[in-house]
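The exercises below are to be worked with the sequence and the coordinates at hand. Each task is followed by a solution in steps.

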Amino acid sequence: MISWYAKTGRLMEAVSHFVMMIKAGFRPTVVSFINIFPAVAGLGDVEIANVVYGMATKLGHEYVNDLFVVSSAITMYAELGCLDSARKIFDNCLNKNSHVWNTMIGGYIQNNCSVSALDLFNEALEAKDGGAAIDDVTFLLALTAASDLQQLDLARQLHSYLIKNSSVSSVILLNALIALYSKCNSIGDTFKVFSEMHERDVVSWNTMICALVQNGFDDEGLMLVHEMQKLEFSIDDVTITALLSAASNLRNQEIGKQIHAYMIRHSIQFNGMDSYLIDMYAKSGLIQASERIFNGNSKESRDLAVWNAMISGSTQNGLIEESLIIFRQMLEENITPNAVTLASVLPACSQLGNLALGKLIHGFAIRNSVEENVFVSSALVDMYSKSGAIPYAERVFSKTSVEKNSVTFTNMISGYAHHGMGEKALLLFHAMKECGIKPDAITFVAVLSACSYTGLIEEGVEIFESMESQYKIRPTIEHYACIVDMLGRVGRVVEAYELARKLGDEGSVLGIWGSLLGSCKIHRDFELGKIVANKLLEMEGGDYGKTGYRVLLSNMYAEEGNWEYVRSVRREMAERGAVKEVGCSWIDIGGYTNCFVSRDRKHPRCGEIYEVLKGLSANLKDVGCVPPFVVLSSEC
């Protein structure tokens with residue numbers, strides 16, 4: 001009866017019947033304790049656990065030395081988080097079998113004590129020579145602990161030990177080894193283990209496919225699924241999850257549609273399926289398909305993951321107000337947001353310029369103890385930085401003492417960069433290294449941008465050169481773009497041009513040459529500017545979708561006094577119907593978002609704004625700084 005109550009989740013009834021049995025004068029057996037320990041663990045009550053285990057102790061050695069009782073008691077205390085009590089029981093057990101060793105190692109892993117788990121595994125190996133029994137489960141637990149630590153050297157040591165002890169034939173262990181190398185971002189070792197397997201099951205294929213997708217090899221992951229099908233292995237929900245993640249990463253609409261169609265044809269359904277589909281379609285730019293899946297779910301069937309995917313997808317597709325509406329609907333349905341929800345909705349606040357809403361969400365995070373979650377804190381730093389509230393961003397960053405990763409540091413460095421605080425960005429970059437957090441490619445883009453915006457050329461070049469030599473990160477076109485922009489901003493336009501030219505076809509990116517054209521205009525190097533402009537026109541290939549560079553070229557000709565070319569460029573733009581996309585700026589004052597565009601006449605305080613601009617223009621002239629082509633008018 002006690003066993004039945006425990007197995008059906010009626011934990012309090014299980015404990016009550018155990019107490020009734022004792023009061024009725026029945027002596028509990030070993031099996032009684034094996035059945036009651038899981039129920040006590042489920043209740044989460046340490047005092048009851050101490051009382052029940054104390055009873056077993058009083059009943060004598062027959063009970064406390066029974067290996068099933070020992071294992072069950074260790075499991076109970078591990079689930080309650082009382083590792084000291086669990087370890088005391090383990091140490092007092094004189095004749096440990098493999099199950100006892102595995103239970104204690106598993107308890108450490110369960111409580112995120114992977115180092116302790118591996119220390120105990122080493123003890124098991126040493127005790128093995130003295131007759132201790134360890135099995136494949138012991139090695140599997142050691143591989144799991146090593147995965148949590150993500151240390152490649154440790155992974156290779158465990159692999160070597162398995163080879164020496166002829167344990168590399170176990171498919172289960174090899175699957176765990178593939179997962180371990182994947183966690184250590186060593187895709188070469190991962191594929192080597194997979195390719196040398198004499199026998200593979202569905203888990204082997206799925207683990208390898210997931211490893212490829214998680215490490216950015218999405219195309220290779222898709223190809224491996226094709227090979228898996230050719231060998232007549234069945235695709236299951238794990239395979240589909242990896243495929244949807246690959247389609248999301250590739251932003252490939254066709255692949256995503258084909259996977260969805262396959263799921264429909266084969267009636268594949270699994271928990272969390274809709275959230276994966278919503279995310280995949282949103283990242284592929286098919287937000288309407290995401291909305292259809294979201295709206296196809298009844299309000300009762302929408303779980304938190306579905307709401308989060310729709311909020312995140314709307315934000316990523318620039319549908320800022322829609323994402324906030326969905327967030328509000330979620331709250332109205334009494335769905336409590338989690339860290340992922342907050343990290344998804346916070347970017348909407350900065351894009352909308354709504355600092356007040358960002359602060360409200362921050363308050364919610366504090367009240368619900370998720371402020372220091374690494375995803376939430378990173379999103380808060382980003383939101384405050386982009387909203388112009390650097391002191392708030394710094395406060396969040398400094399308070400995040402437990403969990404800081406490369407994203408948190410990168411967001412803060414990027415915030416300093418956009419606010420012209422290059423020195424602070426550099427200091428934080430070096431502090432990041434001292435904290436043992438390895439900067440990634442995006443971190444280098446942020447710190448190089450900071451150096452560019454503030455004219456820290458020597459420091460920027462030094463950091464750029466350290467990327468490959470110190471961090472084994474190969475510079476991408478974004479990093480070269482930062483260096484070109486950096487040189488151009490301080491007037492070293494010829495050096496910037498030579499660097500862009502040496503990049504060859506790889507450097508044929510509008511952003512690089514457009515930045516260089518802007519530098520040529522600012523530093524009045526009109527001859528080089530014309531060469532750069534011709535390169536831009538050549539890259540556009542007659543596509544007039546990007547007109548900003550033509551406007552920049554026209555303004556450069558105007559500064560040179562070459563009005564014939566100005567008219568020619570403007571005439572060509574007019575004939576092809578090319579119109580420069582109007583930029584928009586905004587500022588939030590007193591909870592009201594004020595939006596502005598060039599030559600704005602719609603703002604209610606338009607007259608006052610232009611009067612202030614006139615005053616500023618006069619002040620600029622007084623100090624000898626005359627901005628070109630400034631036309632100020634208070635006519636509204």
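**Exercise 1. A salt bridge in helix H30**

Task: In this predicted model, classify aspartate 485 as buried or exposed, and then describe its pairing with arginine 489.

Solution.
Step 1. Aspartate 485 has a relative accessibility of 15%. Because buried means under 20% relative accessible area, aspartate 485 counts as buried.
Step 2. Arginine 489 has a relative accessibility of 42% and therefore counts as partly exposed.
Step 3. The two side chains meet in a salt bridge, with an N to O distance of 2.7 Å.
Step 4. Both residues belong to helix H30, which spans residues 477–489. Aspartate 485 and arginine 489 are four residues apart, about one turn of the helix.
Step 5. As a general principle, side chains of opposite charge can pair when their charged atoms come close.

**Exercise 2. Two further pairs and a network**

Task: Describe the salt bridge between lysine 386 and aspartate 382, then the one between glutamate 495 and arginine 492, and state how many salt bridges the whole structure has.

Solution.
Step 1. Lysine 386 and aspartate 382 form a salt bridge of 3.4 Å, N to O. They are separated by about one helical turn, because they lie four residues apart in helix H24.
Step 2. The two partners are classified as follows: lysine 386, at 56% relative accessibility, is exposed, whereas aspartate 382, at 17%, is buried.
Step 3. The side chains of glutamate 495 and arginine 492 meet at 2.8 Å, N to O. Glutamate 495 is partly exposed at 40% relative accessibility, and arginine 492 is partly exposed with a relative accessible area of 30%.
Step 4. Salt bridges also link Arg87, Asp91 and Glu123 in a network.
Step 5. A search of the whole structure gives 14 salt bridges.

**Exercise 3. The second largest pocket**

Task: State how much space lies in the second largest pocket, and determine which helix gives the most to its lining.

Solution.
Step 1. The space in the second largest pocket amounts to about 750 Å³. This pocket is lined by 24 residues, of which Lys283, Ser312, Gln316, Ser344 and Phe375 are the closest to its centre.
Step 2. At least two lining residues come from each of these helices: H18 (273–283), H20 (304–316), H22 (339–352), H24 (374–386) and H26 (406–418).
Step 3. Helix H20 gives the most, with six residues.
Step 4. Sorted by class, the lining holds 10 nonpolar, 10 polar and four charged residues.

**Exercise 4. Positive phi values in loops**

Task: Locate serine 267 and arginine 524, and give the approximate phi of each.

Solution.
Step 1. Serine 267 is placed in the loop between helix H17 (253–265) and H18. Its phi is near 50°, a positive value in a residue other than glycine.
Step 2. Serine 267 is exposed, because its relative accessibility is 63% and the exposed class begins over 50%.
Step 3. Arginine 524 lies in the loop between helix H32 (510–522) and helix H33 (526–540). Phi of arginine 524 is near 55°, again positive in a residue other than glycine.
Step 4. Arginine 524 has 49% relative accessibility and so counts as partly exposed.

**Exercise 5. Separation in sequence and in space**

Task: For threonine 144 and alanine 176, and for cysteine 210 and glycine 221, set the separation in sequence beside the separation in space.

Solution.
Step 1. Threonine 144 belongs to helix H10 (residues 136–149) and is partly exposed, with a relative accessible area of 35%.
Step 2. From threonine 144 to alanine 176, the separation is 32 residues in sequence and 7.3 Å in space, C-alpha to C-alpha.
Step 3. Cysteine 210 belongs to helix H14 (residues 202–214) and is buried, with a relative accessible area of 19%.
Step 4. Cysteine 210 and glycine 221 lie 11 residues apart in sequence, with 7.4 Å between their C-alpha atoms.

**Exercise 6. A nonpolar surface patch**

Task: Identify which residues form a nonpolar patch on the surface, and place leucine 616 in its helix.

Solution.
Step 1. The patch is formed by Val612, Leu613 and Leu616, which together have about 250 Å² of accessible area.
Step 2. Leucine 616 lies in helix H36 (residues 606–622).
Step 3. With 46% relative accessibility, leucine 616 counts as partly exposed.

Definitions and conventions:
Residues numbered from 1 in each chain as written. Predicted model: local features only at pLDDT ≥ 70, side-chain atom pairs only at ≥ 80, totals over all residues. Heavy atoms only, no water. 1 Å grid on protein atoms, 1.4 Å probe; cavity = no way out; pocket = protein on both sides within 12 Å on 5 of 7 lines; lining within 4 Å. Points joined across faces, edges and corners; volume = space filled by probe spheres on them. Nonpolar A, V, L, I, M, F, W, Y, C, P; charged D, E, K, R; others polar. Patch = residues over 30% accessible without salt bridge, like charges linked within 9 Å, V, L, I, M, F, W, Y side chains within 5 Å. Areas by Shrake-Rupley, 256 points an atom, 1.4 Å probe, with all protein chains shown as cover. Salt bridge = Lys/Arg side-chain N within 4 Å of Asp/Glu carboxyl O. Buried < 20%, exposed > 50% of the residue type's maximum accessible area, 1.4 Å probe, protein only.
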